[in-house]
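Some labels in structural biology rest on simple cut-offs. How does one get from a value to a label?

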Amino acid sequence: MITFAYPHLLYLLLLIPAALGLFIWTRISRLRKLRRFGNPETLAPLMPEVSRYMPWVKLVFSLLIIGVLVVILARPRATGGLDEDSADTETTRGIEVMVCLDVSNSMLASSTDDEAGISRLQRAKFILEKLIDKMHNDKVGLIVFAGDAYTQLPITSDYISAKMFINNISTDMVPTQGTAIGAAIDMAMNSFTPDDKMGKAIIVITDGENFEDNAVEEAGRAANAGIQVDVIGLGSGRGVRIPIGRNNYMINPSTGEEVLTKLDDATASEIAKAGKGIFINGAASSAVNDIDKKMDELEQGEFSRKTFSPQSEQFPVFAWIALLLLVTDTIVVTRKISWLKKYRFFSKEEEGGNK
């Protein structure tokens, strides 16, 4: 039996009928243009190398390539059947952690006083990867936010996928600018499983500027629901410019001056206090260890999870199929193939089965 790690990506298979429809439309449009010059049957001898069938053969290969690539993205895995040991269900103990990551433009600024230093976003990614490395039996999810909040990764114990999503995060993911921490916390609260016996925590990673909602109130509501809210602040108290492109910096359109951004640690600390968590400066070398110790204080609950052996991953098989199709597609041409012209496949009148 084949299952998929990301079944929602299979909706991309709708590209196949869309591509087919586009191809048919172009063929009809081509035929209409030919008819302006005369009868297509009369014009055919003037185009001896044009094949009637090879474009369709080329299309079949292209659609197969799209289908296989979509399956690869969905990450197929084998369970059951002949491979009974490929997936095992085990009971373990752990906690659930939802990470709310700020992706506003200010996160492009340096995380230190030095404007040439590592950006706040890159520093956040580094902290998250190190934190996930310390997880063993816990579940983790990811929400990105700026002016709005979006779930990037639902709660999961698949750490490989979590790291993959973290690496792909950018400030372009949320078009609306701002820092809607309250909305992110509210979304995170609704992302946990219903298990009341399992410890839950929300980790907010932000530079804490330009709050647009009542984040402190939302953190208090989370604490009342038994969910701990911790905040990791990025940046320094000294204002730094926000880079946009090469050697350019963000300008305030109303004043014409360069925008300076700095860490609002006072408000960030207030959010953590309301959420019965801790505030940690992301620049500290002990940031990851401090947040990990705070997570250890949470009550661990039991949950079942399915683990997959490396042999159960099926995407390498589909990757080889995609490679074979790509190579074949580059060989196939849309014109007539000379050595097939002597064969008659469809009629006595037509020479060559590849017309």
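The questions below take several labels in this predicted model and trace each to its value.

Q: Why is S161 called buried?
A: The relative accessibility of S161 is 2%. Buried means under 20%, so S161 counts as buried.

Q: Where is S161, and which residues does S161 touch beyond those up to four places away in sequence?
A: S161 lies in helix 5, residues 159–167. S161 touches Y6 and R75, when residues up to four places away in sequence are not counted.

Q: What makes K276 exposed?
A: K276 has a relative accessible area of 59%. Exposed means over 50%, so the label applies to K276.

Q: Where does K276 sit, and what is notable about the phi of K276?
A: K276 belongs to the loop between helix 8 and strand 11, just after helix 8. Phi of K276 is near 55°, which is a positive value in a residue other than glycine. Most residues other than glycine have a negative phi.

Q: Which residue with a positive phi follows helix 7?
A: Helix 7 is followed by G226, with a positive phi near 85°.

Q: How do you know that the buried residues of helix 8 line one face?
A: The buried residues of helix 8 (residues 265–274) are A268, I271 and A272. Viewed down the helix axis, these buried residues fall within an arc of 95°, so they line one face of helix 8. A general rule fits here: an α-helix has 3.6 residues a turn, so residues three or four places apart point the same way.

Q: Which residues are exposed on the other side of helix 8, and what covers the buried ones?
A: A266 and K273 are exposed on the other side of helix 8. The cover over the buried residues of helix 8 includes helix 6 (181–189), helix 7 (215–224), strand 8 (227–233) and strand 11 (279–281).

Q: Which residues of helix 7 are buried, and what do they pack against?
A: In helix 7 the buried residues are A215, E218, A219, G220, A222 and A223. The buried residues of helix 7 pack against helix 6, strand 8 and helix 8.

Q: What makes helix 7 roughly parallel to helix 8?
A: Helix 7 and helix 8 pack at an angle of about 20°, and their axes are 7 Å apart. Angles under 35 degrees count as roughly parallel, so helix 7 is roughly parallel to helix 8. Helix 7 passes helix 8 in a right-handed crossing.

Q: Which residues make the contact between helix 7 and helix 8, and how are they classed?
A: A215, V216, A219, G220 and A223 of helix 7 meet E270, I271 and A274 of helix 8. By class, this contact has 6 nonpolar, 1 polar and 1 charged residues. Gly counts as polar.

Q: Why are helix 4 and helix 9 called oblique to each other?
A: Helix 4 (residues 120–133) and helix 9 (residues 287–296) pack at an angle of about 45°, with axes 10 Å apart. Angles under 35 degrees count as roughly parallel, and 65 to 115 as roughly perpendicular. The angle of about 45° fits neither range, and helix 4 and helix 9 are therefore oblique to each other. The crossing of helix 4 and helix 9 is right-handed.

Q: Which residues of helix 4 and helix 9 meet, and what are their classes?
A: In helix 4, I127, K130 and L131 meet V288, I291 and D292 in helix 9. By class, the contact of helix 4 with helix 9 has 4 nonpolar, no polar and 2 charged residues.

Terms used. Residues numbered from 1 in each chain as written. Predicted model: local features only at pLDDT ≥ 70, side-chain atom pairs only at ≥ 80, totals over all residues. Heavy atoms only, no water. Buried < 20%, exposed > 50% of the residue type's maximum accessible area, 1.4 Å probe, protein only. Helix = DSSP H or I, 4+ residues; strand = E, 2+ residues; numbered from the N terminus. Arc of directions from axis to C-beta. Contact = heavy atoms within 4.5 Å. Axes fitted to C-alpha atoms, helices over the stretch in contact; angles between N-to-C directions. Parallel < 35°, antiparallel > 145°, perpendicular 65-115°, else oblique. Left-handed = near helix turned anticlockwise from the far one by under 90°.
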